[in-house]
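User: I am in my first year and would like to learn how to read a protein model with care. Could we go through one together, in questions and answers?

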Amino acid sequence: MTDRVHPARGFSPRIEMVAQTLRPVFARIAQGAVEREHHRILAYDAVQWLLEAGFGALRVPVQHGGSGASLTETFALLAELAEADSNLPQIFRAHFAFVEGQLHEGASPQAARWLERVAQGALFGAAMAELTDSTGTTTALTPRLDGDGWRLEGTKYYSTGTLYASWIVVVATDGTDRIQLIVPATAPGVTRVDDWDGFGQRLTGSGTTVFENVSVPDENILGRTPLSQFPTNEYFTTYYQLFHLATLAGIGRAIVRDAVAFVRPRTRTFGIPGQVAQRHDPLVQGVVGRLSALSFSADALVEKVAEGLEDTFPLWVAGHESGPAFDRAQVQAYQAQQIVAPQVLEAANLLFEVGGASATSAARRLDRHWRNARTLASHNPLVQRQRELGDLVLNGTAFGSRWRTHATDAAPQAAGTRTRSEQVA
């Protein structure tokens with residue numbers, strides 16, 4: 001891993017011990033990253049190593065068998081994992097978000113049940129987005145004819161992490177309600193397809209999941225909200241974006257690491273009389289210096305955003321979902337996105353200035369850093385968030401205002417759809 005100083009993380013003694021256990025696993029993952037990328041080997045082994053080391057239970061409270069890591073500690077470790085292989089944090093993104101949702105539920109028996117499963121090594125994937133021409137969902141949840149639970153039907157895409165998961169968190173509709181539920185990944189009627197064809201983040205398992213007459217018991221229904229309500233909240237929009245930012249910061253570190261590893265043993269003869277060690281070439285030194293500065297900037301911004309989200313956590317576990325602290329954290333996340341994504345992409349391109357044509361060898365797969373960073377940066381369009389930030393600063397327009405207006409206007413049109421109680425009656 002990179003032999004440089006990371007930003008101050010302030011790990012507690014307990015989490016520092018956890019980190020010391022995880023870092024050899026990260027190093028092992030890094031050793032196989034190029035081979036997995038070169039041959040597109042899905043990261044089943046790496047995921048299992050992380051689960052066995054307790055990585056999936058970082059945020060689970062100690063009383064439920066986890067490590068009880070803070071948000072800043074968790075995202076610092078996620079950036080270290082991303083330095084090893086940027087596919088891995090994204091595989092765990094839905095899993096960690098699921099844990100945050102259970103922490104919001106407090107001391108409920110349902111939350112305790114799921115948190116304990118996480119501590120025992122369960123991994124949760126997500127099936128929420130669809131390939132449609134709108135932001136809605138066609139996946140439906142209906143009562144079973146025998147009156148025992150529910151029946152799930154539909155097709156999802158961008159099911160990140162689901163190929164590796166033991167449980168899948170699904171969003172479906174029931175009349176005018178949006179339902180969040182859980183099904184076992186191997187339940188009858190569940191089909192997971194490895195058809196993600198993005199040129200980056202190729203091993204994240206972000207393909208199609210099909211649900212055909214899947215049985216869902218009542219206890220696996222996590223929540224119900226009106227379709228007219230914004231589908232997420234400030235805490236989760238910040239949380240999800242911070243995952244991408246931490247992964248990008250890890251890519252920035254990996255770029256510095258790979259630049260150093262490429263340069264140190266080499267000599268350069270092109271355009272220079274005799275031979276000179278590349279590490280002593282002022283031009284190469286300048287490039288590596290720039291790479292280190294870009295990486296430092298990404299690290300610092302991720303740490304700042306994580307601290308802002310940490311400030312909201314006491315409110316979150318108390319049951320709150322909105323307010324000035326949440327708004328501030330969300331704005332900081334999207335301000336950081338405007339800087340972190342372009343800087344890491346710059347670094348991924350600049351990396352090739354240290355090595356000439358030999359750096360483009362497919363065996364090295366240095367191009368994966370740009371491809372992965374570009375793919376991550378495309379998940380939340382920079383230009384859209386830039387416009388929203390400008391509208392906020394100039395006019396005080398809150399994020400999501402257009403969606404909320406559209407959803408409120410559209411809700412009456414769906415009123416004719418029967419609810420579960422009307423269907424059963």
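**Reading the model**

Analyst: Helix α8 is largely enclosed by the rest of the structure, because 28 of its 30 residues are buried. Buried means under 20% relative accessible area, exposed means over 50%, and partly exposed lies in between, with a 1.4 Å probe and protein chains only. Helices (H or I, at least four residues) and strands (E, at least two) are DSSP runs, numbered from the N terminus. This is a predicted model, in which local features need pLDDT of at least 70 and side-chain atom pairs count only at pLDDT 80 or more, while totals for chains, interfaces and linings use all residues. Residues are numbered from 1 along each chain as its sequence is written, and side-chain values use heavy atoms, with hydrogens and water left out.

User: How many helices does the chain have, and what percentage of its residues is buried?

Analyst: The chain holds 10 strands, and its helices number 14. Of its 425 residues, the buried ones make up 52%.

User: What percentage of the contacts with a separation of 6 or more comes from residues 24 or more positions apart?

Analyst: A contact here means heavy atoms within 4.5 Å. Among the contacts in the chain with a separation of 6 or more, the part that comes from residues 24 or more positions apart is 77%.

User: How far apart are the end C-alpha atoms of helix α8?

Analyst: The expected span of a helix is 1.5 Å times one less than its number of residues. Helix α8 covers residues 234-263, so its 30 residues should span 44 Å, and this agrees with the distance between its end C-alpha atoms, 43 Å.

User: Which residue has a side-chain oxygen that reaches a backbone nitrogen at the start of α8?

Analyst: A polar contact is a pair of N or O atoms within 3.5 Å; within protein, one must be able to donate a hydrogen and the other to accept it, and residues adjacent in sequence count only if both atoms are side-chain atoms. At the start of α8, the backbone nitrogen of Tyr-235 has a side-chain oxygen within 3.1 Å, and that oxygen belongs to Asn-233.

User: Which residues does Ala-254 touch, apart from its neighbours within four places in sequence?

Analyst: Ala-254 is placed in helix α8 and counts as buried, at 2% relative accessibility. Its C-alpha atom is separated by 9.3 Å from that of Glu-80, although their positions lie 174 residues apart along the chain. Leaving aside neighbours within four places in sequence, Ala-254 is in contact with Glu-83 and His-369.

User: What kind of aromatic pair do Phe-75 and Tyr-239 form?

Analyst: Rings of Phe, Tyr and Trp (its six-membered ring) pair if their centres lie within 6.5 Å, and planes under 30 degrees apart count as stacked, over 60 as edge-to-face and the rest as tilted. A search of the whole structure finds 25 aromatic pairs. In one of them, Phe-75 and Tyr-239 have centres 5.4 Å apart and planes at 70°, and the pair is edge-to-face.

User: Which helices does this pair link, and are the two residues buried or exposed?

Analyst: Phe-75 lies in helix α4 (residues 71-84) and Tyr-239 in helix α8, so far along the chain as 164 residues apart. Phe-75 has 1% relative accessibility and Tyr-239 has 0%, and each counts as buried.

User: At which residue does helix α1 bend?

Analyst: The 19 residues of α1 (residues 13-31) should span 27 Å, and its end C-alpha atoms are 28 Å apart, which agrees. The bend at a residue is the angle between axes fitted to the seven residues ending there and the seven starting there. In α1 this angle is about 30°, with a proline, Pro-24, following within four residues of the bend at Leu-22.

User: Which helices do the buried residues of α1 pack against?

Analyst: The buried residues of α1 include Leu-22, Val-25 and Phe-26. The helices that the buried residues of α1 pack against are α2 (33-39), α3 (44-52), α4 and α5 (87-91).

User: Which residue shares a polar contact of 2.7 Å with Glu-388?

Analyst: Glu-388 lies in helix α12 (residues 382-395) and is buried, with a relative accessible area of 12%. Glu-388 also touches Phe-399 and Gly-400, not counting residues up to four places away in sequence. The side chain that joins that of Glu-388 in a polar contact of 2.7 Å belongs to Arg-385.
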